[in-house]
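Here are a few short exercises to work through with the structure open beside you. Try each task before you read its solution.

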Amino acid sequence: MKSSSTHQVSFANTDLSIKIDCGDTLLGGILRAGIGVPYECNAGGCGSCKYKLVQGIVADDLEDTAGLRVSDKRKNKHLACISRPQSDCVVDFKLDPQYTPKNIPGNTPATLHSFEKLTHDLWEFRFDSVGPAHFLPGQYAKISLPDVHGPRSYSMSNVANDEGKWLFQIKKVVGGAVSEVLFKDSLKNLNITIDAPYSIAHLKSESQRQAICIAGGSGLAPMVSILHGITQLEHVKPDPILYYGARNCRDVVDKSYFNTISGFRPDDQYIPVVSEPAQSDNWAGATGMVHDFLKTQLEDAVCDYEYYLAGPPPMVDAVRRHLVLERGVPVEQLHYDRFF
Ligand SMILES: Cc1cc2nc3c(=O)[nH]c(=O)nc-3n(C[C@H](O)[C@H](O)[C@H](O)COP(=O)(O)OP(=O)(O)OC[C@H]3O[C@@H](n4cnc5c(N)ncnc54)[C@H](O)[C@@H]3O)c2cc1C
Ligand code: FES
């Protein structure tokens, strides 16, 4: 008997039923069908995409993940971003229209064009695809490399374009499988697959508020994309501010990099904050953790801004706690991706 190339996935307590390609994740298949369900990291780390498997068989890419507790597993709960249906399934999932994709995610082959070293361990890579690069400022892709098991999430640092140009700022991870491949000076013509776009933490083009962008480490990429995106909008209040948390001075991206953002004045609008400056660095800028520094900067009009955040989960969570719980900023004005 010929095996089916799709599986039927039905949503419990609804009339909704979709077909998902064999081999695709449940989350990927649902979003490709234009349906919104909660998610964030797409990597098994945050737990946002948890669902209950009511009927059928799924295979999970990872056995132990931060996003799923042992008690969840006992209740037959799984994470949609790492579950791959192996048969027709019934799933119990909370639908949420705010996650309905504005651009349907799809797979695009792309080839390495060039790279630029932003710091000793943060490089910006340009990949070119044959088709257009369609995404919203601040969104991310899942990238698959030949010979590396599983995709990795990386945010685009440019904006959508018809030429098929994709820029990613990638931080070297010690022992990281993708890092090991990419951080070689001699790398040429690497072919990858880009599955994009993902994330609801994109530039809110309908908002007229001034933007405050807060990034830690490689969280800079989506903020740069958002800053480029703001320059294409006429009604947004000008002068977005970018706070950038770095561990030491050699992790700070030079302000000249930001000259490519039209109208952006790095001297006034780019504020690097170094948590562990060495005495020999003679660092004259802001010091401390970026979330603590931010507390000293925001004045009474704290609710007048749109906040965009990306980077290490502890940094993002600390900023969220401060803004929402201590300062009363409406959650709708915070847009974040935690890099698990
Ligand atoms: C939404 C989102 C957006 C992101 N955007 C960016 C971005 O723009 N730029 C960026 O640089 N990063 C980004 N990240 C983070 C990035 O996806 C991860 O750091 C990714 O894991 C790096 O891939 P890698 O192959 O280099 O490392 P991995 O191979 O995934 O390794 C990650 C860690 O796991 C350890 N490890 C790996 N294999 C094993 C093993 N078998 N046993 C034990 N430990 C192991 C490694 O030593 C390393 O510490 C993002 C993450 C998310 C969720
Ligand atoms: S665990 Fe699935 S989206 Fe984060």
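A residue is called buried if 20 or more other C-beta atoms lie within 10 Å of its own, and exposed if 12 or fewer do. Keep in mind that this model is predicted.

**Exercise 1.** Work out how far helix α7 should span, and compare that with its end C-alpha atoms.

*Solution.* Start with the residues: α7 covers 313–326, which is 14 residues. At 1.5 Å a residue, the helix should span 20 Å. Its end C-alpha atoms are 19 Å apart, which agrees.

**Exercise 2.** Which residues of α7 are buried, and which are exposed?

*Solution.* First, pick out the buried ones: Met315, Val316, Val319 and Leu323. Next, look down the axis of α7: these buried residues fall within an arc of 95°, so they line one face of the helix. Now turn to the other side, where Pro314, Arg321, Leu325 and Glu326 are exposed. Finally, ask what covers the buried residues: the cover includes the strands β14 (210–216), β15 (241–246), β18 (305–311) and β19 (334–338), along with helix α6 (290–297).

**Exercise 3.** Describe the surroundings of ligand 1, and find where it lies relative to domain 2 and domain 3.

*Solution.* Begin with the residues around ligand 1: there are 23, and Gly175, Gly176, Val178, Ser179 and Ser218 come nearest. The elements giving two or more residues to this shell are β11 (152–155), β12 (165–171) and α3 (177–182). Sorted by class, the shell has 13 nonpolar, seven polar and three charged residues. Last step: domain 2 (106–198) and domain 3 (210–338) both contribute residues to the shell, so ligand 1 lies between them.

Methods
Residues are numbered from 1 along each chain as its sequence is written. Chains are lettered from A and ligands numbered from 1 in the order in which they are written. This is a predicted model: local features need pLDDT of at least 70, side-chain atom pairs count only at pLDDT 80 or more; totals for chains, interfaces and linings use all residues. Helices (H or I, at least four residues) and strands (E, at least two) are DSSP runs, numbered from the N terminus. The expected span of a helix is 1.5 Å times one less than its number of residues. The arc is that of the directions from the helix axis to the C-beta atoms. Two residues are in contact if their C-beta atoms, placed from the backbone, lie within 7 Å. A residue is near a molecule or strand if its C-beta atom, placed from the backbone, lies within 6 Å of it. Ala, Val, Leu, Ile, Met, Phe, Trp, Tyr, Cys and Pro count as nonpolar, Asp, Glu, Lys and Arg as charged, and the others, Gly among them, as polar. Domain bounds come from an automatic or database domain assignment.
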